[in-house]
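Biologist: Before we begin, could you take me through this model slowly, and each time tell me what justifies the word you use?

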Amino acid sequence: MTCRLRLPFLTLSALLTLSAGCGSPSSVEPAQARGPEGALPSEVERVIQSLSEVSSSIQVNPSPASGETQQRPAVAQGQGVYLVVWEVSSTATGSSPDIVGVRVRASDGALLDSSPLPIATGASSQTEPAVAFDGTHFLVVWAESGGAPSIQGRRVNASDGSLVDSTSFRASISSFPADYDRAYTTPSVACNGTNCLVSWSYAWSPAPGYLFNQLSGTFLRASDVTHLDMWPLSFSYSPSTAARVAFSNGYYMATWVEGSNLKALGINARTRGHSSPVTVSTSADQQVPDVAGQGGEFLVTWLEAGNVWARRVKYNHTLLGSANTQVGTNALAPPSVTVDGADYRVLWNSPRNGVTRALSTRVSALAELAPNAELGLSEASSARGAIAAMDSGRYLAAYATDAATVGPRVSARLVTEGRVHVSPERMADPLVPSTVPHYMPTVGAGNGVYLMAWSHPVSGGGFILQGLRVSASTGQVLDSVPLTINSSSGPNFDPAVAFDGTNFLVVWVSYNSTPTIYGARVRASDGAVLDSTPFRISTLPAGAPSVPHEEPALAFDGTNYLVTWQGYGYDANGAFVSGVYGIRVSSYATLVDSSSFLLAQGGQNSRVAYSDGKYLVTWERNQNIEAARINASTRQVLDSPAISLAASPGNERLPAVAGEGGRFLVTWIGGDDNLWARRVSGLDGALLDSGDISVGPAAVMGPEVTFDGRDYWIGWQGTRGGVRKVLGTRVTALGTLEADSEVALSTVDPATNNGSYPQVRGGIAAAGPGHILSTYLQDDPSISTSLSTFYSSPRFQLVSASLGSALPLVSEARASWAGCDYAIQARRDVVNEPYPYPHQVTLYRLFAQVSADASGTCAAAPTSTALGESETVPVLAIVANGAGVAVGYSEEFSYRWVGSLSSGFVAQLNPSTLGIVRRLELDAGSLPPSCAAGGPGSLSVGQISLTNGSDLVVEGPMGGNTITLSGLGAGVDTSTPCDGSTARATTFTATIPGFLTSPQAPTIVIH
């Protein structure tokens, strides 16, 4: 089921979290969404609340010791798990505070550790924990008061919860040889995969009556927690609070309060340099603020006169937006904030109906609040909580509760909002300090693994080809260092990736001499590069001129690959011409064809896809988009002249193609700079649908497209609200776009692609229904600003979309009434049939569904109803008016010794619930002219219509000479009489008066 929410008061990022689901929560507490009183109609508020699923309370230690006190939780996320850490002590034993933690599975909130992990224990007091994820491990830091006071740290393996370090290590460094008379408190930590920044408050008293405070920090190398600084960084010599730190796109941001001035300081993650802080507010409370970041921007949150406020700050200390944003009023503790890949989530505590509750407020990337932004999570104490997000709309909030009989306890709630979730942006190779830009990232998928590939700069000049595997289920990077696919510095550009069921084939252009297409295989299971010496793919006969071959693309047909490129070669007449060429390559890295063949003279920027025995190759030529089908087994070009998809007066360019079920979807940038698409039949090359599909406006980068087993996903970039965005647009298998089809991923820095080799496309691949990886370039301002040049590196984001049934949609019909969209759909399924021998059968499941249209006036809750199934795709029909909704369809099955038989059905549906009010069956019979006993016939519903408001007219083909209509009841069910005619193929018309109100005896005419 798909929910088509079009709510004009929601921002783009808010729509993302709501995007495509209207299922009711299961085993969850009712979500409490709040906003300004009277801001939303109750029915809209109810729909939005139904999209927020809040788990039951997760007790981080289900078996606490007697007298145990739990407080000061902190939480971080990584590789499909959260790590919650907290401070624990016991009044029964008088033990000093210790730091413990537990891993929580992100998918369902299950505790992965049978008992809390003993991270920091001992006679000293270990307090105030903070935690961050470094790409492999969780780094936990805390304040240690025994002996020489310090900030200590220890790492925890995300995969199994083991402690990486046998004992804790000193995370803080000092300007003084001894620290016995000094205090280290309130640490904070953030990591970027290469290093981690730890901050702390530092106080000492050189003489009675004198107290000095300082905010300090240091960098630790993520791989081995080695200190990268000899002396601590100094943020402030007059702080009133401790600092919190966060990382985003090359920069860390630290924030704190001095007097009543809220400060923010950007720190270059590579050079570790910084300038003077910016003042965000001059009237902040003296409570520790918090900060989170995405896309080189940060959201600072703080308390001011007891209210929660927020402001966007750029890495270079620019205050963004015209004013501060008020997040909430009457707060009882400072807020905590995280970013989920789309929006910020602010956790804070405030009274609601006389009870202190932990609240989560969604703040958009532009620091805007939707009226329904606040979500009540649980009763809580007035102490500060912690929050971390796995991806957009999925996060974990940890908080303390007051239990009068047992003392404070730490609990957590897992929150899921919407059905489309986008991970935060991640760097493909965060460990490389190169100051030369990377280029051309792309991606393929297979066996639950994504393989990214890109051009990687090397010292001395040139570009090698590197890759990285990512788990589709967890998002975990599977390679400790990037794979080197081709070590020759070439340079190597324009990689493309496809999968053969076991291995990936990566093809690219090598510029060692004349640009030539090469390839190498990468094993999906372990990342082994199977061809240490890449093999040459594009060839020319002996004696041919040395000419370039560029821009490769490829697809796999189950046996071989077809690789295409643009360049020069010989046509069928022996002429040496430029255009799009192709050659087939086996899974064993050998050429199937002795020479390449010409596909499109004068063509360029080709892409290729495979489905049901045929490839479809598409290209641009003379500013138009064209395509041709290729027989996969014979390599015969089936379309001459080529199929013309877009031939407008403007510059149509940069096509891409994907295929499924014998059909293809081609997408391109039109002459109007908008993105368009069209389906093409693999059977005969015909253009499907009534016209081109409008995918979206304002394209700034060419598309790539993939099929996930259910829908097409187009990866591209466009301008939204004046900002360049990475976009993913979902197109159904029938070539339709739902209201929530466009998903906004990352914001792209305007400086991206301003290097010597502009990137014209990103990459997108699907590992299964609703599981997508998008890769693209992003400018790194930590290098660009320091070198006064443009530096872009490959990034990626994962998309997880739970959009109802995972069965591919193959046919549908729609009708609208009273603000609601009604549909009848056929979805393809494959089932195991044991008789007469084990085999698989394709079934088409039939459903009705309802969702809201753009008017926002639909009174029906989004839902769906199963109608039936058929072994063939039936014609579907639906009508709706003030009297109700009616659907028509057929069910056809094959029977041994008999053949295929089909029956027709019409049903009246309740427009609010889609419950079946009545269903009629129409069956054909074949009687001999003597009217003696005969056999079955076959009948299908072709179309239905309403006359006189509620009279239903049913028409369609049949085979036989009699019809029986049943389902209305005694006295109304009817059969046509035997008229002595011979059974034949013909058509029928059945009219049922009052079908939607009070059905009367039908009339049936066999033509």
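**Reading the terms from the values**

Modeller: Leaving aside the neighbours within four places in sequence, Gly884 is in contact with Val879 and Leu996. Please keep in mind that this is a predicted model, and that every value we discuss is computed from it.

Biologist: What makes Val879 and Leu996 contacts of Gly884?

Modeller: The word contact requires heavy atoms within 4.5 Å. Val879 and Leu996 are counted as contacts of Gly884, and therefore each has heavy atoms within that limit of the glycine. A separate value describes Gly884 and Trp817, which lie 67 residues apart in sequence and whose C-alpha atoms are 9.0 Å apart in space.

Biologist: Where does Gly884 sit, and why is this residue called buried?

Modeller: Gly884 belongs to strand β65, which covers residues 884-895. Its relative accessible area is 3%, while the word buried applies under 20%, so Gly884 is called buried.

Biologist: Why is Trp897 called exposed, and where is this residue found?

Modeller: Trp897 lies in the loop between β65 and β66, the latter being residues 899-909. The term exposed begins over 50%, and Trp897 reaches 79% relative accessibility, so the residue is counted as exposed. Together with Tyr895 and Val898, Trp897 makes a nonpolar surface patch of about 430 Å².

Biologist: What makes Trp676 partly exposed?

Modeller: The label partly exposed covers what is neither under 20% nor over 50%. Trp676 has a relative accessible area of 23%, so it is placed in that middle class. This tryptophan lies in strand β51, and, apart from neighbours within four places in sequence, its contacts include Val666, Thr667, Trp668, Ile693 and Val695. For Trp676 and Pro655, which are 21 residues apart along the chain, the C-alpha atoms are separated by 9.5 Å.

Biologist: How do you know that β50 and β51 are paired?

Modeller: Two strands pair if at least two bridges are found between them. Strand β50 (residues 663-669) and strand β51 (residues 675-681) run antiparallel and are joined by seven bridges, so the condition for pairing is met. As one example, Thr667 stands opposite Ala677 in β51.

Biologist: What makes β49 and β52 the edges of their sheet?

Modeller: The sheet is open and has four strands in the order β49-β50-β51-β52, with antiparallel pairing. β49 (653-660) and β52 (693-696) each have a single partner strand, so one side of each is left without a neighbour in the sheet, and this is what puts them at the edges. Neighbouring strands of this sheet are turned by 25° against each other on average, with direction ignored.

Biologist: Which strands stand at the edges of the open sheet β8-β9-β10-β11?

Modeller: That sheet is made of four strands with antiparallel pairing, and its edge strands are β8 (126-133) and β11 (169-170), each of which pairs on one side only. Between β8 and strand β9 (residues 137-144) there are six bridges in the antiparallel sense, and Ala132 has Leu139 in β9 as its bridge partner.

Biologist: Why is strand β6 described as mostly covered?

Modeller: Strand β6 spans residues 95-105, and nine of its 11 residues are buried, which means that each of those nine has under 20% relative accessible area. β6 pairs with strand β5 (residues 81-90) over nine antiparallel bridges, one of which sets Val85 against Gly101 in β6. Three bridges also join β6 to strand β7 (residues 117-120), again running antiparallel, and Val100 is partnered there by Pro118.

Biologist: What is remarked about the phi angles of Ala305 and Asn353?

Modeller: Ala305 has a phi near 55°, a positive value in a residue other than glycine, and Asn353 likewise has a positive phi of about 55° although it is not a glycine. Ala305 lies in the loop between β21 and β22, and Asn353 in the loop between β25 and β26. Set against the limit of over 50%, the relative accessible area of 67% is why Ala305 is called exposed, and the 73% of Asn353 gives that residue the label exposed too.

Note on methods. Residues are numbered from 1 along each chain as its sequence is written. This is a predicted model: local features need pLDDT of at least 70, side-chain atom pairs count only at pLDDT 80 or more; totals for chains, interfaces and linings use all residues. Side-chain values use heavy atoms; hydrogens and water are left out. Helices (H or I, at least four residues) and strands (E, at least two) are DSSP runs, numbered from the N terminus. Buried means under 20% relative accessible area, exposed over 50%, partly exposed in between (1.4 Å probe, protein chains only). Axes are lines fitted to C-alpha atoms, for helices over the stretch in contact, and angles run from 0 to 180 degrees between N-to-C directions. Patches are made of residues with over 30% relative accessible area and no salt bridge: like charges are joined within 9 Å, nonpolar side chains (Val, Leu, Ile, Met, Phe, Trp, Tyr) within 5 Å. Accessible areas come from the Shrake-Rupley method with a 1.4 Å probe; for residues, only the protein chains shown count as cover. A salt bridge is a side-chain nitrogen of Lys or Arg within 4 Å of a carboxyl oxygen of Asp or Glu.
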